[in-house]
Amino acid sequence: MPFQYLRNIATLELDATRCTGCGMCLDVCPHAVFRQTNGTAEIADRDACMECGACALNCPAGAIEVRPGVGCAAALLAAKLKKSDAPCCGP
Amino acid sequence: MSENETVECGCCGGAGRNEPDRFEDEKRFTSGTIDTPAGPVPVVPAELSRRDRWGFWKVRLGIFRMSYKVRPGLYAVGRPGPGSPVFASANYKASFDRLRQGLAGVDGWILVADTRGINVWCAAGKHTFSAAAIWKAAEEARLASVVSGATLVLPQLSAPGVSARDAEALTGLRAVFGPVRAADIPSFLAAGMTATPEMRRVTFPIGARVALTPMEVLPGLRWGIPVTLALAALGWLRVVPFPGRFLAGFAVAFLAGSVLAPVLLPWIPGRAFSLKGALLGGAWGLLFSLLRGSFAAGTAGWLEAGAAILIFAATAAFLAILFTGSSTFTSMTGVQREMARAVPLMIAAAAAGVALQAAVWLGLGR
């Protein structure tokens with residue numbers, strides 16, 4: 001049973017017109033967010049996206065954008081308390 | 001043992017001590033060397049020693065977890081040659097040990113990059129584990145003189161920080177992403193470096209969730225125990241009445257949020273972690289009040305029951321939301337949204353609970 005977090009929240013965007021069908025996004029995604037149909041990638045399960053950024057970094061065509069960050073309440077709280085912009089997960 | 005220790009990072013907030021030269025003693029986990037054109041390379045067995053296994057327990061329990069490092073460089077597993085695959089690793093020893101366990105029966109090289117002792121996933125997220133870091137390790141180990149025409153196998157969970165294309169361009173090796181779990185490496189290799197969809201998915205089974213709970217509980221005990229002892233001392237000195245039963249109830253609420261919510265995670269209603277915690281804490285508050293006889297104690301009793309339910313719900317909700325950082329599927333945007341909604345509610349509930357309890361102490365309802 002796949003774990004489900006909040007709905008309609010992921011900042012993931014795929015520009016299918018740039019997609020070359022290399023399949024890297026399918027290889028690197030830990031939650032099977034993408035599928036490939038007729039040689040082009042598409043988002044199969046947006047709500048499963050944890051915004052890790054693996055797909056965006058590894059897409060050779062720059063077709064994917066996402067705002068990566070740590071899905072960690074403690075890091076966000078620590079950043080707020082220290083008034084810094086970047087939630088930090090240690091070193 | 002958790003298969004997912006390279007994904008979760010149950011240590012948020014700590015500055016981390018990166019003592020540059022404190023590495024685990026190689027003599028304790030290497031079994032000799034093999035000669036290469038770059039000099040002798042340490043050989044590591046694929047089987048873990050008792051000391052290695054104790055190391056996994058230590059980090060799960062938070063004992064010296066921020067300094068459990070392997071010296072970066074090249075290591076050998078089995079009897080590798082110039083064409084054997086090169087497996088990239090972080091220099092967190094638990095990551096390294098998990099990798100070599102997966103290489104049982106494999107002849108290969110392990111290239112350990114300097115990730116300052118941080119595991120693959122977290123280091124990749126911070127871009128500490130990157131193509132550049134791998135290249136730096138390869139250069140320093142003179143990998144180019146050891147292998148030729150070999151494939152660089154990247155842990156899939158390094159993908160947020162490692163671009164396979166950049167790794168290829170820098171090292172000159174063909175780079176592929178291996179499976180999420182090192183245990184799947186032999187099957188991955190046997191299938192010609194192809195992964196099944198299952199090998200590429202991260203799950204969050206109950207064993208993994210249970211293994212994370214010590215780090216949800218132990219940090220809380222660091223202040224919880226002194227505060228309780230202080231209150232007990234003040235109570236013994238008759239400076240304040242010692243709220244023993246309430247503290248016991250509060251401790252259970254703490255455990256509801258830090259242990260029960262993670263363990264029962266998929267079965268508790270609600271998508272938000274704080275909601276799951278609130279449900280458990282609130283239910284405990286209700287049970288606690290029933291056991292205390294609050295509902296048979298007039299208006300004051302009902303007010304105290306309300307206080308317990310609100311405070312325990314807020315406590316468990318807060319601890320449960322802290323588990324987001326240890327989970328394998330929460331996004332930053334999602335956690336931001338959840339926090340924006342849940343934190344004001346938790347504060348309001350706790351404040352309301354305290355107000356109700358204070359009202360009872362001040363004589364309301366009697």
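Reader: Which residue of E5(B) does B:Ser89 stand opposite?

Author: Good place to start! In this predicted model, B:Ser89 faces B:Val112 of E5(B). The two strands, E4 (residues 86-89) and E5 (residues 108-112) of chain B, run parallel and are joined by 4 bridges.

Reader: What lies between E4(B) and E5(B) in the β-α-β unit they make?

Author: Helix H2 (residues 93-102) of chain B does, and the unit is right-handed.

Reader: Which other strand does E4(B) pair with in the parallel sense over 2 bridges?

Author: That is strand E6 (residues 151-154) of chain B. Here B:Val86 stands opposite B:Leu152.

Reader: How should I read the faces of E4(B), covered or open?

Author: The general idea first: side chains in a regular strand point alternately to the two faces of the sheet. In E4(B), B:Val86 and B:Ala88 lie on one side, B:Phe87 and B:Ser89 on the other, and all of them are buried.

Reader: And at the surface, which helices of chain B each supply at least two residues of the nonpolar patch?

Author: Helix H1 (50-61) and helix H8 (214-236). The patch covers about 720 Å², with B:Trp54, B:Trp57 and B:Leu218 among its residues. H8(B) gives the largest share, 4 residues.

Reader: Why does B:Ile225, a residue of helix H8 of chain B, count as partly exposed?

Author: Because its relative accessibility is 44%, and partly exposed lies between the 20% and 50% cut-offs.

Reader: Finally, what covers the buried residues of H3(A)?

Author: The cover includes helices H11 (298-322) and H12 (332-361) of chain B. Among the buried residues of H3(A) are A:Ala73 and A:Leu76.

Notes
Residues are numbered from 1 along each chain as its sequence is written. Chains are lettered from A and ligands numbered from 1 in the order in which they are written. This is a predicted model: local features need pLDDT of at least 70, side-chain atom pairs count only at pLDDT 80 or more; totals for chains, interfaces and linings use all residues. Side-chain values use heavy atoms; hydrogens and water are left out. Buried means under 20% relative accessible area, exposed over 50%, partly exposed in between (1.4 Å probe, protein chains only). Contact means heavy atoms within 4.5 Å. Patches are made of residues with over 30% relative accessible area and no salt bridge: like charges are joined within 9 Å, nonpolar side chains (Val, Leu, Ile, Met, Phe, Trp, Tyr) within 5 Å. Accessible areas come from the Shrake-Rupley method with a 1.4 Å probe; for residues, only the protein chains shown count as cover. A salt bridge is a side-chain nitrogen of Lys or Arg within 4 Å of a carboxyl oxygen of Asp or Glu. Two strands pair if DSSP finds at least two bridges between them. A crossover is right-handed if, with the strands pointing away from the viewer, the path from the first strand over the helix to the second runs clockwise.
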